Every structure is written in structure tokens, then in C-alpha cells.
Amino acid sequence: MESRGSVPARPLSYEGVWRFTAPAVDVSVPQARRAVRDLLDRQGVPVADEVVQGLLLIVSELVTNAVRHAALLSPEVAVEVAIGAQWVRVSVEDNHPYRPKALETDSAQTGGRGLLLVREITREAGGLCDVEHTASGGKIIWAELPLVPVLNGDAAPI
């Protein structure tokens with residue numbers, strides 16, 4: 001008889017990685033939100049509602065940025081959702097080489113706060129976010145949040 005500690009851990013039923021692509025057009029933003037929300041529901045992920053709301057806002061911001069700023073060099077964007085036992089990570093990949101930086105708040109500016117918002121949502125939930133370059137010269141912007149928010153977390157700077 002094996003002890004409980006020697007049995008290899010199996011992934012939980014909701015764990016996995018899902019990836020989909022979409023054209024870099026405005027209509028892809030709400031479609032990506034719905035796809036992520038539906039995936040979380042379908043997989044039965046035990047995620048706090050405030051985390052879901054933050055995650056969906058992050059998806060909207062990242063896909064919107066890809067559509068607005070990368071579409072010329074990247075007519076398609078990829079969205080990936082990875083779910084672990086205690087976290088969910090969403091990433092958006094495009095083929096544009098520009099590495100964006102979160103802009104400081106400027107009350108006179110009507111845009112440019114998307115990545116600042118992503119960083120703040122991630123920090124408040126106790127998660128991490130960052131930008132990475134791809135081997136093909138593009139970038140992946142990702143945010144990872146705990147399934148249950150942690151107060152006063154620190155996010156990696158974008």
C-alpha cells in the first residue's frame with residue numbers, strides 16, 4: 001500500500017492552457033472577453049468574482065491595445081488563458097516589436113491609461129504582469145492573478 005504522499009498529483013479538472021486567435025479588429029475585443037468568461041465558466045474555475053471582473057477588463061485592455069497599435073504589423077492577435085490550481089494567467093500576443101510602457105496619469109490625456117490600469121488591477125489582486133519579446137520579434141503581454149485576491153500585492157512593472 002502506497003502512502004498518500006507517494007501518489008503523483010493529478011491536475012485539477014479546471015487546469016489547462018487554451019489559446020485562440022482573432023483578427024486585429026475592434027469586434028475582437030468583446031469576443032475575446034466573452035471567450036475568456038465562457039472558458040472560466042465551462043471549466044468550473046473556482047475564481048472570485050472580483051478577480052473575474054478584473055481579468056475581463058485586462059483582456060479588454062490588452063486586446064484593444066493590440067488592435068489599435070499593432071494591427072498594421074499584426075493582422076491577427078493570439079489570446080492565451082492558462083489556469084493553475086491557484087492562479088489564472090491571460091496573455092495577448094501580437095507581431096509588433098514595440099514594447100509598451102505603462103503611462104503616467106495625465107488628466108488632459110483621453111487615452112493611454114490601459115496598461116496603467118492593467119498594472120493596477122494586477123497589483124491590487126496580488127498578481128504579476130509583464131511584457132516579453134517573442135522569438136519572431138513580436139511581444140506577449142501577460143497578467144497572472146490568484147484565483148482568490150491577495151490584499152496589497154505587488155505587480156511587476158510593465
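Helix α1 and helix α2 cross in a right-handed way, meaning the near helix is turned clockwise from the far one by less than a right angle (anticlockwise would be left-handed). This is a predicted model, where local features need pLDDT of at least 70, side-chain atom pairs count only at pLDDT 80 or more, and totals for chains, interfaces and linings use all residues. Residues are numbered from 1 along each chain as its sequence is written, and side-chain values use heavy atoms, with hydrogens and water left out.

Two packed helices are described by the angle between their axes and the distance between the axes. Here are both pairs, with angles that run from 0 to 180 degrees between N-to-C directions:

| Pair | Angle | Axis distance |
|---|---|---|
| α1 (residues 28–43) and α2 (residues 49–70) | about 145 degrees | 9 Å apart |
| α2 and α3 | roughly 155 degrees | within 9 Å |

So α2 and α3 are roughly antiparallel, a label for angles over 145 degrees. Their crossing is left-handed.

Who touches whom, counting heavy atoms within 4.5 Å as contact? In α2, Gly54, Leu57, Ile58, Glu61, Leu62 and Asn65 meet residues of α3, including Leu115 and Val118. In the other contact, the α1 residues that meet α2 include Val29, Val36 and Leu40.

Now for α3 itself. Its 12 residues (114–125) should span 16 Å at 1.5 Å a residue (times one less than the number of residues), and the end C-alpha atoms are 17 Å apart, which agrees. Among its buried residues (under 20% relative accessible area, 1.4 Å probe, protein chains only) are Leu116, Ile121 and Ala125. The buried residues of α3 pack against α2, β4 and β5. Right after α3 comes Gly126, with a positive phi near 85 degrees.

How values were computed:
Helix = DSSP H or I, 4+ residues; strand = E, 2+ residues; numbered from the N terminus. Contact = heavy atoms within 4.5 Å. Buried < 20%, exposed > 50% of the residue type's maximum accessible area, 1.4 Å probe, protein only. Parallel < 35°, antiparallel > 145°, perpendicular 65-115°, else oblique.
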